[in-house]
Amino acid sequence: MAAGLRKRGRPGSAAQPAGLCRQWLQRVWQERRILLREPRYTLLVASCLCLAEVGITFWVIHRVAYTEIDWKTYMTQVEGVINGTYDYTQLQGDTGPLVYPAGFVYIFMGLYYATDWGTDIRMAQNIFAVLYLATLLLVFLIYHQTCKVPPFVFFFMCCASYRVHSIFVLRLFNDPVAMALLFLSINLFLAQHWSWGCCCFSLAVSVKMNVLLFAPGLLFLLLTQFGFRGTLPKLSICAGLQVVLGLPFLLENPIGYLSRSFDLGRQFLFRWTVNWRFLPEALFRHRGFHLALLIAHLALLLLFALFRWHRTGESILSLLKEPSKRKSPPQPLTPNQIVSTLFTSNFIGICFSRSLHYQFYVWYFHTLPYLLWATPARWLTHLLRLLVLGLIELSWNTYPSTSCSSAALHVCHAVILLQLWLGPQSFPKSIQHNKKAH
């Protein structure tokens, strides 16, 4: 009898977890609209998307053909360093000379050994797949802390971008490595680990120089948080790491290293441009055009620094003072102030870039949802924001680029800039509130 009771108890004990699981799924389905619209559910939705991305990414690796562009060149350049060549002017590859700082050399040297001297492409793809998933995790942690973007947007950020999957696992560019380190540094800034964040930021710059587009925003944040004297040690960390990483090459040929790895006047090929296809090639190459873009870039950064980022009522020169000596009481920077300033700084630089190549999409792809949704604007509905995202994705997937795709990209960039300029900011409200309280 007892045995019979025990036998009947087993199905009940097994059915109990199944029933709880069924109830949980039913509740999730009933509250799906809240889950997809409320930013507080970011981590839940992100967890599901990351699991889906594991399958999608490895499906892409096994089903879509790998395209060789720069990987062999990277391996040839790294092999030159391994063989004892530390003069940057002597390091060449199939597609050109080595034009990246020393951090790139060390990281890809590790990949060189991990992939059987660069010949095991499948291993390299798997490593970059893990890098892609790690980047997603770091991005989701940022969005979770800002609590601004509705989770349904992340479906478009993850599963809908063929170009980004291609850049990571089908092309093996160095841009994703730099951006992963950049997002790690932002997470450290959000955790108030400014010194470690500056270290990771400098390491990202040492992989590819595009990360410097975040530098104006970072400088503003450091001055806001620490003042001029407190900022100097943080900048010393950034500069010191660059010297340490580049020391073997600086000792061999300092001018060659600096001119190659930090070449701000590098000329880009017109056939690869995504953003300026509608221009005549002669104008695209003209130094006057490059100077005009630089002036516009700096002018817009200054305008944002004066009228959007710094709204305390004091002169912007007050940032040079120690926070305790300013008229306004020192306030800790909020996650949105940190992320908004950094993402906007980078986006302005991209808008005025002399050229954008296809792999450069990852420079700002993961920041677009924040730039579009963080500042509420009645004239820009959810549907219009999704349309902007879709047009940007379409522009980057048009190969070769056309005059229409380039023009559409600039129109979308202008819409985002306009929203960033006109949208309300949480920074001035918090300052004003504290002033009234005092």
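**Group meeting: one cysteine and two helix pairs**

Okay, let's start with Cys198. Skip the neighbours within four places in sequence, and Cys198 is in contact with Phe189, Leu222, Lys234, Ile237 and Cys238. Keep in mind that this is a predicted model.

Where does Cys198 sit? It's in helix α10, residues 194-205. And is it buried or exposed? Cys198 comes out at 0% relative accessibility, so it counts as buried; the cut-off for that is under 20%. One of its contacts, Leu222, is 24 residues away along the chain, and the C-alpha atoms of Cys198 and Leu222 are separated by 9.9 Å.

Let me zoom out for a second. The protein chain has 438 residues, and buried ones make up 50% of them. In terms of secondary structure we've got 19 helices and 2 strands. If you take the contacts with a separation of 6 or more, 77% of them join residues 24 or more positions apart. For the surface people, the accessible surface comes to about 21000 Å², and carbon and sulfur atoms hold 66% of that.

Right, helix packing. The pair I'd like you to look at is α6, residues 121-146, with α9, residues 175-190. Their axes come within 9 Å and cross at roughly 30°. Since angles under 35 degrees count as roughly parallel, that makes α6 roughly parallel to α9. The crossing of α6 past α9 is left-handed.

Who's touching whom there? On the α6 side you have Phe128, Leu131, Thr135, Leu138, Val139, Leu141, Ile142 and Gln145. Facing them from α9 are Pro176, Val177, Ala180, Phe183, Leu184, Ile186, Asn187 and Leu190. Sort the residues of that α6 and α9 contact by type and you get 13 nonpolar, 3 polar and no charged.

Now the other pair, further along the chain: α15, residues 335-351, and α18, residues 403-422. What angle do α15 and α18 pack at? It's about 145°, with the axes 11 Å apart. Here, too, the crossing is left-handed, α15 passing α18.

From α15, the contact takes in Thr344, Phe347, Ile348, Ile350 and Cys351. From α18, it's His410, His413, Ile416, Leu417 and Leu420. The breakdown for α15 with α18 is 7 nonpolar, 3 polar and no charged.

So if you've got the viewer open, go to Cys198 in α10, then to α6 with α9, then to α15 with α18. That's me done, thanks.

Terms used. Residues are numbered from 1 along each chain as its sequence is written. This is a predicted model: local features need pLDDT of at least 70, side-chain atom pairs count only at pLDDT 80 or more; totals for chains, interfaces and linings use all residues. Side-chain values use heavy atoms; hydrogens and water are left out. Axes are lines fitted to C-alpha atoms, for helices over the stretch in contact, and angles run from 0 to 180 degrees between N-to-C directions. Helices (H or I, at least four residues) and strands (E, at least two) are DSSP runs, numbered from the N terminus. Angles under 35 degrees count as roughly parallel, over 145 as roughly antiparallel, 65 to 115 as roughly perpendicular and the rest as oblique. A crossing is left-handed if the near helix is turned anticlockwise from the far one by less than a right angle, and right-handed if clockwise. Contact means heavy atoms within 4.5 Å. Ala, Val, Leu, Ile, Met, Phe, Trp, Tyr, Cys and Pro count as nonpolar, Asp, Glu, Lys and Arg as charged, and the others, Gly among them, as polar. Buried means under 20% relative accessible area, exposed over 50%, partly exposed in between (1.4 Å probe, protein chains only). Accessible areas come from the Shrake-Rupley method with a 1.4 Å probe; for residues, only the protein chains shown count as cover.
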